[in-house]
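Please open the model in your viewer, with the sequence panel beside it, and keep a selection tool at hand. The stops below each begin with something to select and go on to what is found there.

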Amino acid sequence: MDRSPALLGIYLNDHLGGSTAGAELSRRIAREHRGAAHGNELRRIADEIAEDRRALLGIMDRLGFPARRYKIYGGWAAEKAGRIKPNGRVRRRSGLSTVIELESLRLGVEGKAALWRALLGVSARHPGLDTDRIEHLLHRAEDQSETLESLRLAAASRVFDPNHSPERTG
């Protein structure tokens, strides 16, 4: 019995859960930084991540794999649970929160890029996969990752620089 189609459906649903968490996190980060110099970049990335999630749902639909609600809810809950972490402050955001959130989002985008690469690798056996579209999604994920890494390193520099004024971290 060939289980590869069923396994592909499980794999795609796992990524759907992750994309749900990533869309929630990216929206929240963009909202938190909307007035910052890099706010527009974060809004663009949040919009793209939401679009990438819709693209994944479209791929799943074309391949005949239903979205599993428990994976979607699990991703949503994981993002909410990720907010509960010590950040060195009791009542307000810390610059450390920004570093960790950007790092988490970048890791999620790297996972998404791995998904697109895996789909490209099996596209010959699955006619419902549009390789041009998936290559576009992969290149966009790589661009998102580079932007997030740049923002993450800048935030880490601000937070971990002993000469940096604490009221300017964010």
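**The whole chain**

Of the 170 residues of the chain, 42% count as buried, where buried means under 20% relative accessible area, exposed means over 50%, and partly exposed lies in between, all with a 1.4 Å probe and protein chains only. This is a predicted model, in which local features need pLDDT of at least 70 and side-chain atom pairs count only at pLDDT 80 or more, while totals for chains, interfaces and linings use all residues. Residues are numbered from 1 along each chain as its sequence is written, and side-chain values use heavy atoms, with hydrogens and water left out.

Colour the chain by secondary structure, and five helices and zero strands will appear, in the pattern α-α-α-α-α when read along the sequence. Helices (H or I, at least four residues) and strands (E, at least two) are DSSP runs, numbered from the N terminus. Among the contacts in the chain with a separation of 6 or more, 78% are between residues 24 or more positions apart, a contact being heavy atoms within 4.5 Å.

**Helices H2 and H4**

Select residues 39–63, which form helix H2, together with residues 95–122, which form helix H4. Two packed helices are described by the angle between their axes and the distance between the axes. For H2 and H4 the angle is about 35° and the axes are 12 Å apart; axes here are lines fitted to C-alpha atoms, for helices over the stretch in contact, and angles run from 0 to 180 degrees between N-to-C directions. The crossing of H2 and H4 is left-handed, which is the term used if the near helix is turned anticlockwise from the far one by less than a right angle.

Now show side chains where the two helices meet: H2 brings Leu-42, Ile-49, Asp-52, Leu-56 and Ile-59, and H4 brings Leu-102, Leu-105, Val-109, Lys-112, Leu-115, Trp-116 and Leu-119. The residues of this contact divide into 10 nonpolar, no polar and two charged, where Ala, Val, Leu, Ile, Met, Phe, Trp, Tyr, Cys and Pro count as nonpolar, Asp, Glu, Lys and Arg as charged, and the others, Gly among them, as polar.

**Two more places on H2**

Go next to Gly-39, which lies in helix H2 and counts as buried at 3% relative accessibility. With residues up to four places away in sequence not counted, Gly-39 touches His-33 and Arg-34. Measuring from C-alpha to C-alpha in the viewer, you should find Gly-39 and Ile-29 8.9 Å apart, although they are 10 residues apart in sequence.

Then select Ala-55, also placed in helix H2 and buried at 12% relative accessibility. Leaving aside neighbours within four places in sequence, Ala-55 is in contact with Arg-133 and Leu-137. The C-alpha atoms of Ala-55 and Leu-137 are separated by 8.6 Å, with their positions 82 residues apart along the chain.

**Ser-26 and Arg-152**

Is Ser-26, in helix H1 (residues 4–32), buried or exposed? Ser-26 is buried, with a relative accessible area of 1%, and it touches Ala-46, Ile-49 and Leu-105, not counting residues up to four places away in sequence.

Keep Leu-105 displayed and add Arg-152, which is found in helix H5 (residues 131–160). The C-alpha atoms of Arg-152 and Leu-105 are separated by 9.8 Å, and the two residues are 47 apart along the chain. At 16% relative accessibility Arg-152 counts as buried, and it touches Val-99, Leu-102 and Glu-103 when residues up to four places away in sequence are not counted.

**The second largest pocket**

Finish by selecting His-15, Gly-18, Ser-19, Gly-108 and Lys-112, which lie nearest the centre of the second largest pocket among its 15 lining residues. On a 1 Å grid over the protein atoms alone, a pocket is an open set of points, reachable by a 1.4 Å probe, with protein on both sides within 12 Å along at least five of seven lines, and lining residues have an atom within 4 Å of a point. About 180 Å³ of space lies in this pocket, the volume being the space filled by probe spheres set on the points, which are joined across faces, edges and corners.

H1, H2 and H4 each supply at least two residues of the lining, and the largest share, seven residues, comes from H4. By class, the lining has six nonpolar, six polar and three charged residues. Gly-18, in helix H1, counts as partly exposed at 42% relative accessibility, and its C-alpha atom is separated by 7.1 Å from that of Gly-108, 90 residues apart along the chain.
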